[in-house]
Amino acid sequence: MPQSDTENRTGAPTRRSRAAPALAALHPFLLLKRLMPAGLYWRSLIIIVAPMVLLQIVVTYVFLERHWQLVTERLSAKTIAEIAMLLEEFEEDPSPFHAARITRRAGENLGLPVAFLEGERLPDTASSTGGLLADSLNDEIRKRIARPYWINTLRQNSYVDIRIAYDGGVMRVLSPASQVYASNSHIFIVWMVGTSIVLIIVAIIFLRNQIRPIERLAAAAESFGMGRDVESFRPQGASEVRRAAQAFMDMRARIERHIEQRTAMLAGVSHDLRTPLTRFKLQLAMLPDGPEIAELREDIAEMERMLEDYLEFARGHQGEPSVETDLADLIAEVRDDAVRKGHDVKLDLHGDLTLPLRRHAFKRCLTNIIDNAGKYAPHVWVTAIRDAEQDDAGSIDILVDDDGEGIPDDQLEEVFRPFYRLDAARNLDKGGTGLGLAIARDIARGHGGDITLARSPMGGLRAIIHLPV
Ligand code: ADP
């Protein structure tokens with residue numbers, strides 16, 4: 001049977017079919033919920049990081065923007081005032097000797113490289129406009145100098161080129177950028193981002209340590225729910241987490257004690273009831289054969305069977321440890337037993353089917369389901385699929401299909417009730433006690449899974465054993 005075909009037959013809901021309708025997903029709260037990571041670790045990290053980033057954005061914007069603007073305006077106003085003063089002085093005596101003196105003094109005292117270029121004209125290219133620096137320079141030059149000028153602020157990292165026309169030439173100033181605008185404010189951002197990164201790293205380390213005990217508790221509770229060993233679990237972490245862990249361990253101990261008591265009591269009852277039954281059998285064996293005696297023997301055999309079934313149900317399966325088991329082998333074993341009993345069982349197994357199981361208990365569960373199918377139908381098909389998509393850790397589905405009479409839809413849940421049987425109504429007696437399905441479901445649930453019944457595409461009943469891995 002091809003894989004895709006068997007996947008369709010599982011009848012298990014896929015992710016897509018469970019997705020919320022598209023419209024509902026657009027609601028802002030739902031959207032936030034969907035975008036929010038599911039894990040506590042990432043949520044806590046967002047709770048710490050988001051306000052920090054928000055605060056930094058606000059501080060950067062409010063403080064730095066204003067700071068930048070103010071400092072740039074002041075610096076460019078001062079530079080332009082100096083240029084205006086130098087130009088005025090030059091115009092008082094525009095001789096080359098005086099021009100050279102002004103150039104030298106401007107360089108020495110103001111740190112401004114100034115040149116008076118006789119016969120030069122302003123460049124034809126467009127003067128810089130727009131942006132904080134160009135705007136404040138333009139404002140200041142218009143206010144203080146009121147002559148044709150040309151500026152180039154694009155070489156911001158090194159120099160700002162300022163040219164002002166006078167009669168017969170151009171005064172050119174290559175002002176170092178740091179003299180006209182606040183160029184080193186980014187250091188503030190570097191510090192802010194740097195310290196934030198350090199803080200976030202520290203937060204990550206602390207959060208990890210706080211969340212690890214919660215993860216361990218969740219894993220221990222899950223393992224216990226699946227019937228696996230959780231011996232190495234110890235309460236750790238913050239006091240609330242320790243309390244929850246301690247409560248879990250107390251609960252686990254109570255459940256285990258309860259099961260032990262029940263098992264011990266039932267072992268006693270079993271022994272007590274078996275002894276008189278054995279005595280009956282011995283006494284019957286000594287009586288001469290006859291139809292009444294045969295009936296009595298039948299009754300005693302049935303009582304023994306019922307007693308076994310009942311004890312199995314009541315005993316549960318808690319005592320057995322979980323061991324790594326290959327389901328393929330286990331299913332093949334159960335199939336061989338069923339074939340020996342005269343049933344026709346076909347197998348179809350896919351993927352890696354190894355998982356921790358209480359082997360004997362689970363064999364019992366499989367036997368009950370497969371034997372039931374064999375009892376009530378001529379053919380049985382067993383399919384096992386590993387489905388990695390359903391949960392994070394993946395799961396295994398075992399489908400047992402038959403082509404018998406099946407079970408009416410309204411009885412599909414009822415038949416799991418202990419002692420519930422349909423045979424009386426069907427005038428059939430297959431010698432069951434009505435505990436087979438109840439025991440099987442109990443075992444599947446003890447492994448964190450479940451059993452459900454449905455109509456089989458083969459015409460009879462389909463039992464789906466779902467197991468988390
Ligand atoms: P029993 O020990 O009587 O088989 P179960 O709990 O195993 O008890 O089953 C309960 C009832 O469900 C049975 O009496 C039987 O009528 C019905 N049943 C179980 N499996 C099947 C099946 N594969 N096809 C039809 N009926 C079934």
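Start by selecting Asp371: this residue is buried, since its relative accessible area is 14%, below the 20% cut-off for that label. Keep in mind as you look around that this is a predicted model. Asp371 sits in helix H12. Leaving aside residues up to four places away in sequence, Asp371 touches Ala338, Lys341 and His343. Show those three as sticks and you have the surroundings of your first stop.

**Stop two: H12 against H14**

Now widen the selection to the whole of helix H12, residues 359-376, and add helix H14, residues 436-446. The two axes come within 9 Å and cross at roughly 140°. That angle makes H12 oblique to H14, because only angles over 145 degrees would count as roughly antiparallel. The crossing of H12 past H14 is left-handed.

Which residues make the contact between the two helices? On the H12 side, pick Ala361, Phe362, Arg364, Cys365, Asn368, Ile369 and Asn372. On the H14 side, pick Gly436, Leu437, Ile439, Ala440 and Ile443. Colour this set by class and you should find eight nonpolar, three polar and one charged residue. While you look at the spacing of these side chains, a general point helps: an α-helix has 3.6 residues a turn, so residues three or four places apart point the same way.

**Stop three: H14 on its own**

Hide H12 for a moment and keep H14 in view. Is this helix enclosed or open? H14 is largely enclosed by the rest of the structure, because eight of its eleven residues are buried. The buried ones to highlight are Leu437, Ala438, Ile439, Ala440, Arg441, Ile443, Ala444 and Gly446. Follow the chain onward from H14 and you reach Gly448, which has a positive phi, near 80°.

**Stop four: the loop between E9 and H13**

Next, select the loop that runs between strand E9 (395-402) and helix H13 (423-426), where you will find Gln411. Gln411 has 17% relative accessibility and therefore counts as buried. Its contacts, again not counting residues up to four places away in sequence, are Tyr420 and Leu422.

Gly404 belongs to the loop between E9 and H13 as well. With a relative accessible area of 18%, Gly404 is buried. Select what Gly404 touches beyond four places in sequence: Tyr376, Ala377, Gly459 and Gly460. For a distance to try in your viewer, go from the C-alpha atom of Gly404 to that of Val380: they are 24 residues apart along the chain and separated by 9.0 Å.

**Stop five: Arg297 in H10**

Move on to helix H10, residues 291-315, and pick out Arg297. Is Arg297 buried or partly exposed? Its relative accessibility is 36%, so Arg297 counts as partly exposed. With sequence neighbours up to four places away set aside, Arg297 touches Leu284, Ala285 and Asp289. Zoom in on Asp289, whose side chain is joined to that of Arg297 by a polar contact of 3.4 Å. Then add Lys281: it lies 16 residues from Arg297 in sequence, and the two C-alpha atoms are 7.3 Å apart.

**Stop six: H4 and H6**

Now bring up helix H4, residues 40-92, together with H6. Their axes come within 9 Å and cross at roughly 35°, and H4 passes H6 in a right-handed crossing. H4 contributes Trp68, Gln69, Thr72, Glu73, Ser76, Ala77, Ile80 and Ala81 to the contact. From H6 come Leu132, Leu133, Ser136, Leu137, Glu140, Ile141 and Arg144. By class, the contact of H4 with H6 has eight nonpolar, four polar and three charged residues.

Continue past the end of H6 to the loop between helix H6 (132-144) and strand E2 (149-152), and select Ala146. Although Ala146 is not a glycine, its phi is positive, at about 50°. Ala146 counts as exposed because its relative accessibility is 65%.

**Last stop: the whole protein**

Finally, zoom out until everything is on screen. The protein has 14 helices and eleven strands. Of its 469 residues, 37% count as buried. Among contacts between residues at least 6 apart in sequence, 67% join residues at least 24 apart.

Note on methods: Residues are numbered from 1 along each chain as its sequence is written. This is a predicted model: local features need pLDDT of at least 70, side-chain atom pairs count only at pLDDT 80 or more; totals for chains, interfaces and linings use all residues. Side-chain values use heavy atoms; hydrogens and water are left out. Axes are lines fitted to C-alpha atoms, for helices over the stretch in contact, and angles run from 0 to 180 degrees between N-to-C directions. Helices (H or I, at least four residues) and strands (E, at least two) are DSSP runs, numbered from the N terminus. Angles under 35 degrees count as roughly parallel, over 145 as roughly antiparallel, 65 to 115 as roughly perpendicular and the rest as oblique. A crossing is left-handed if the near helix is turned anticlockwise from the far one by less than a right angle, and right-handed if clockwise. Contact means heavy atoms within 4.5 Å. Ala, Val, Leu, Ile, Met, Phe, Trp, Tyr, Cys and Pro count as nonpolar, Asp, Glu, Lys and Arg as charged, and the others, Gly among them, as polar. Buried means under 20% relative accessible area, exposed over 50%, partly exposed in between (1.4 Å probe, protein chains only). A polar contact is a pair of N or O atoms within 3.5 Å; within protein, one must be able to donate a hydrogen and the other to accept it, and residues adjacent in sequence count only if both atoms are side-chain atoms.
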